[in-house]
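User: I would like to go through the labels attached to this structure and ask what each one rests on. Please set each value against its cut-off.

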Amino acid sequence: SKKAKIWRNGSTNELEECHQLLGELETHQDAWPFLQPVNLKTVPGYKKIVKKPMDFSTIREKIINKQYSSGEGFKDDVNLVFDNCERFNEDNSEIGKAGHIMRTFFDKRWTELLKR
Ligand SMILES: Cc1ncccc1N[C@@H](C)c1ccc2c(c1)OCCO2
C-alpha cells in the first residue's frame with residue numbers, strides 16, 4: 001500500500017500539523033486582532049475594502065469541517081488574514097504591527113513544521 005508520509009514531528013497527517021500550528025497562532029500574544037471576524041457593521045470601510053475577510057476562528061471551523069484538502073489551503077487562508085491586515089491597516093498602527101509580527105511568526109513555523 002502507499003507508504004504514509006511522515007511529517008517532521010512524526011505526525012502522519014499534514015492537516016494535523018496545521019491544527020497544531022493554528023493553536024500556536026491563536027495563543028500568540030499579538031494574535032488579538034485576528035481571533036474573530038472583523039465586525040463589518042462597526043468597522044467603517046472594511047466590508048468594501050476587504051473582499052475576502054478571514055480570521056483564525058473561521059480557519060478553525062474550516063479545519064474542523066474538513067474544508068481543507070491539504071496544508072496549502074490552510075496556508076492560503078492564514079496568509080489572507082495577514083494580506084487583509086496590510087490592505088486595511090497602516091504598517092505603523094497597533095493592528096498593522098501585530099499583523100507583521102504574526103506573519104513573521106507564521107512563516108518561520110510553517111517552514112520548520114512542514115519542510116524537512
Ligand atoms: C484585523 C483588523 N483589521 C482592521 C480592523 C479591525 C481588525 N480586527 C478587529 C477584531 C478589531 C481589532 C481591534 C479593535 C477593534 C476591532 O474594534 C475596537 C477597537 O479595537
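User: How do the residues of the shell around the ligand divide into nonpolar, polar and charged?

Analyst: The division is seven nonpolar, one polar and no charged. The classes are fixed by residue type: Ala, Val, Leu, Ile, Met, Phe, Trp, Tyr, Cys and Pro count as nonpolar, Asp, Glu, Lys and Arg as charged, and the others, Gly among them, as polar. This is a predicted model, in which local features need pLDDT of at least 70 and side-chain atom pairs count only at pLDDT 80 or more, while totals for chains, interfaces and linings use all residues. Numbering starts from 1 along each chain as its sequence is written, and side-chain values use heavy atoms, with hydrogens and water left out.

User: Which residues surround the ligand?

Analyst: Trp32, Pro33, Phe34, Val38, Tyr46, Phe88, Asn89 and Ile95 surround the ligand; a residue is near a molecule if one of its heavy atoms lies within 4 Å of it. With the protein in place, 59% of the 460 Å² that the ligand exposes when taken alone is buried. Accessible areas come from the Shrake-Rupley method with a 1.4 Å probe, and for residues only the protein chains shown count as cover.

User: What makes the approach of Asn89 to a nitrogen atom of the ligand a polar contact?

Analyst: A polar side-chain atom of Asn89 lies 3.2 Å from a nitrogen atom of the ligand. A polar contact is a pair of N or O atoms within 3.5 Å (within protein, one must be able to donate a hydrogen and the other to accept it, and residues adjacent in sequence count only if both atoms are side-chain atoms), so the Asn89 pair meets the distance cut-off. A backbone N or O atom of Pro33 also lies 3.1 Å from a nitrogen atom of the ligand.

User: How many helices and strands are there in the protein?

Analyst: The protein has five helices and zero strands, in the order α-α-α-α-α from the N terminus on. Helices (H or I, at least four residues) and strands (E, at least two) are DSSP runs, numbered from the N terminus.

User: Why is Phe56 called buried or exposed?

Analyst: Phe56 has 0% relative accessibility and therefore counts as buried. Buried means under 20% relative accessible area, exposed over 50%, and partly exposed in between (1.4 Å probe, protein chains only). Phe56 sits in helix H3, where Ser57, Ile59, Lys62 and Ile63 are buried as well. Not counting residues up to four places away in sequence, Phe56 touches Leu22, Leu25, Glu26, Ala31, Phe34, Leu35, Val81, Phe82 and Met102; contact means heavy atoms within 4.5 Å.

User: What makes the largest nonpolar core, and which residues have the most contacts inside it?

Analyst: A nonpolar core is a set of buried Ala, Val, Leu, Ile, Met, Phe, Trp, Tyr and Cys residues joined through side-chain atoms within 4.5 Å. The largest one has 22 residues, and Phe56, Ile59, Phe74 and Phe106 have the most contacts inside it. The elements giving two or more residues to this core are H1 (14–26), H3 (56–64), H4 (71–88) and H5 (94–114), and H4 supplies the largest share, six residues. Leaving aside neighbours within four places in sequence, Phe74 is in contact with Cys18, Leu22, Ile59, Ile63, Tyr68, Phe106 and Trp110. In soluble globular proteins, nonpolar side chains tend to be buried together.

User: Why is Asn79 called buried or exposed?

Analyst: The value for Asn79 is 19% relative accessibility, so this residue counts as buried. Asn79 belongs to helix H4 and, leaving aside neighbours within four places in sequence, is in contact with Arg103, Phe106 and Asp107.

User: How do you know whether Ile101 and Thr111 are buried or exposed?

Analyst: Neither label fits: Ile101 is at 41% relative accessibility and so counts as partly exposed, and Thr111, with a relative accessible area of 40%, is partly exposed too. Ile101 lies in helix H5 and touches His28 and Asp30, not counting residues up to four places away in sequence. The C-alpha atoms of Ile101 and Asp30 are separated by 7.3 Å, although the two are 71 residues apart along the chain. Thr111 is also found in helix H5, and its side chain reaches the backbone oxygen of Asp107 at 2.8 Å.

User: Why is Lys66 called buried or exposed, and where is Lys66 found?

Analyst: Lys66 is at 75% relative accessibility and therefore counts as exposed. Lys66 is found in the loop between H3 and H4, and its phi is near 55°, a positive value in a residue other than glycine.

User: What share of the residues of the protein count as buried?

Analyst: Of the 116 residues, 37% count as buried. The protein exposes about 7400 Å², and carbon and sulfur atoms supply 53% of that area.
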